[in-house]
Amino acid sequence: MMEFTYNGLVRCGFGFYNPNHAAALFCFIMPFFWGWKRLIWLGYLLSALLLIPLSMTFSRTGVIVLVLELFAFYLLSGRKNLKLLLAGIAVLILCAGIWGVLSRFTWDKAISNRPEIWLAGLKIYAANPFFGIGLGNSGLVVSTFLLDGIVCRTLVNSHLTLLAEGGLLIGFLWFGLIFYALLNGIRKPAVWCAFAGLTLSAFCASVFDWPILFDFRTFGELGMANFLLSWVLLLVYIAAGCILAWGRINRKWLLSAGIAALATALLPLAFYSSQTPVVRDGMVRKSGREMSLVLYDDEWNPRSVLPYLKDGYFLPLRSGKVKCPQTVRTVWFFGQAAEYAQDYPDAEKTFVSPPEFFELPEGAKKIE
């Protein structure tokens with residue numbers, strides 16, 4: 001399992017695989033310590049103590065989100081104590097400076113790659129708006145077909161990942177709930193700041209890691225602790241949203257949230273391009289004069305087989321045998337996938353690096 005490091009120092013995840021997710025949780029908790037009517041200084045002391053583990057995550061997003069939460073709480077709480085606000089920011093900067101987080105505020109690939117990944121995600125959604133491309137497929141698709149030299153597992157944005165993988169309806173409901181909670185719950189400053197901060201954290205990173213959250217068998221191969229904490233993070237977010245939305249339905253806010261959510265789900269369609277892959281049932285479909293089915297084993301992947309494909313194809317995103325949505329005249333077999341050849345007796349077959357002692361069918365082509 002890879003460790004997150006910075007300048008030779010291990011970034012602490014506190015049970016999370018990704019330290020940014022731990023930082024998001026700390027930023028979510030801290031607003032609940034602010035503005036207590038009793039023992040006010042105890043609340044601020046607990047918040048200050050949480051700055052230590054936050055700094056140990058070395059999360060730039062965490063620092064930025066916390067500063068914005070402080071400003072939001074200052075504006076919403078009705079207690080315009082500017083000295084307290086400035087003191088909070090000063091303590092945050094001091095802790096971040098002591099632990100070296102401030103030195104991370106430089107332009108690097110982690111920042112510059114994000115806009116490219118997000119743009120690719122918008123294009124993928126625009127080409128597959130109704131049903132999305134399937135859970136856990138967004139990073140693989142954009143890395144293989146739309147990004148040059150950038151490999152990502154998600155779209156480094158939980159909201160965009162959900163939209164691209166789940167489609168328009170799921171995206172509309174998700175954004176609608178978020179907008180309504182933010183509009184309706186503005187009179188609950190602590191919960192509002194926590195919810196808004198986690199919303200922003202999820203925009204800047206895959207804080208809600210959907211493929212891992214719904215992998216109840218292997219937990220994304222990242223361990224039980226990360227899996228459970230990931231669910232805690234999602235559940236507290238949903239709980240905060242429900243608290244903000246609770247009460248008599250405000251029709252004005254409901255209409256505004258619906259319009260904002262619909263705009264958020266429809267505007268990305270402007271990024272549609274005929275060159276963007278269309279994904280159906282876990283399979284990339286590229287139109288051409290001759291549509292070939294592509295099968296490959298675990299030693300191959302979509303990126304490695306693409307150079308061999310010059311025309312249209314049905315390309316599964318995962319290795320193994322798949323059911324093709326239509327009858328095909330040609331089939332490509334990569335590596336051990338040659339064992340599926342007998343299932344396509346009437347198709348023209350091309351084998352790439354088949355097993356050493358595999359006997360080619362009559363008329364088949366072989367490419368080493």
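Let's start at Ala-90, which sits in helix 4, the run covering residues 82–99. Keep in mind that what you are looking at is a predicted model. Ala-90 comes out as partly exposed, because its relative accessibility is 43% and that class lies between the 20% and 50% cut-offs. Now pick Met-283 as a second marker: Ala-90 and Met-283 are separated by 193 residues in sequence, and their C-alpha atoms are 52 Å apart in space.

Zoom out to the whole chain. The C-alpha trace spans about 85 × 50 × 35 Å along its principal axes, and the chain is built from 13 helices and nine strands. There are 368 residues, of which 49% count as buried. Taking the contacts with a sequence separation of 6 or more, 65% join residues that are 24 or more positions apart.

So what is on the inside? In soluble globular proteins, nonpolar side chains tend to be buried together. Here, the largest nonpolar core has 86 residues, and Leu-54, Trp-174, Phe-208 and Val-294 have the most contacts inside it. Helix 9, residues 189–204, supplies the largest share of this core, with eight residues. Apart from that core there is another one, of 16 residues, including Leu-293, Leu-295, Cys-324 and Ala-347.

Phe-208 is a good place to see how the packing works. Setting aside neighbours within four places in sequence, Phe-208 is in contact with Ser-158, Trp-174, Leu-198, Ala-202, Leu-213, Leu-233, Leu-234 and Tyr-237.

Next, the cysteines. How many disulfides does the structure hold? Zero. Cys-27 is in no disulfide, and the nearest cysteine sulfur, in Cys-204, is 11 Å away. Cys-27 is also buried, because its relative accessible area is 1%, under the 20% cut-off. Why is Cys-193 left without a bond? The closest cysteine sulfur, that of Cys-27, is 12 Å from the sulfur of Cys-193, which is too far for a bond, given that a disulfide needs the two sulfurs within 2.5 Å. Cys-193 counts as buried too, because its relative accessibility is 1%.

Finally, the outside and the charges. The chain exposes about 19500 Å², and carbon and sulfur atoms supply 64% of that area. On the charge side, there are 31 positive and 23 negative side chains, and the centres of these two sets lie 21 Å apart.

Note on methods. Residues are numbered from 1 along each chain as its sequence is written. This is a predicted model: local features need pLDDT of at least 70, side-chain atom pairs count only at pLDDT 80 or more; totals for chains, interfaces and linings use all residues. Side-chain values use heavy atoms; hydrogens and water are left out. A nonpolar core is a set of buried Ala, Val, Leu, Ile, Met, Phe, Trp, Tyr and Cys residues joined through side-chain atoms within 4.5 Å. Buried means under 20% relative accessible area, exposed over 50%, partly exposed in between (1.4 Å probe, protein chains only). Helices (H or I, at least four residues) and strands (E, at least two) are DSSP runs, numbered from the N terminus. Contact means heavy atoms within 4.5 Å. Accessible areas come from the Shrake-Rupley method with a 1.4 Å probe; for residues, only the protein chains shown count as cover. Lys and Arg count as positive and Asp and Glu as negative; His and the chain ends are not counted. The place of a charge is taken as NZ of Lys, CZ of Arg, CG of Asp or CD of Glu.
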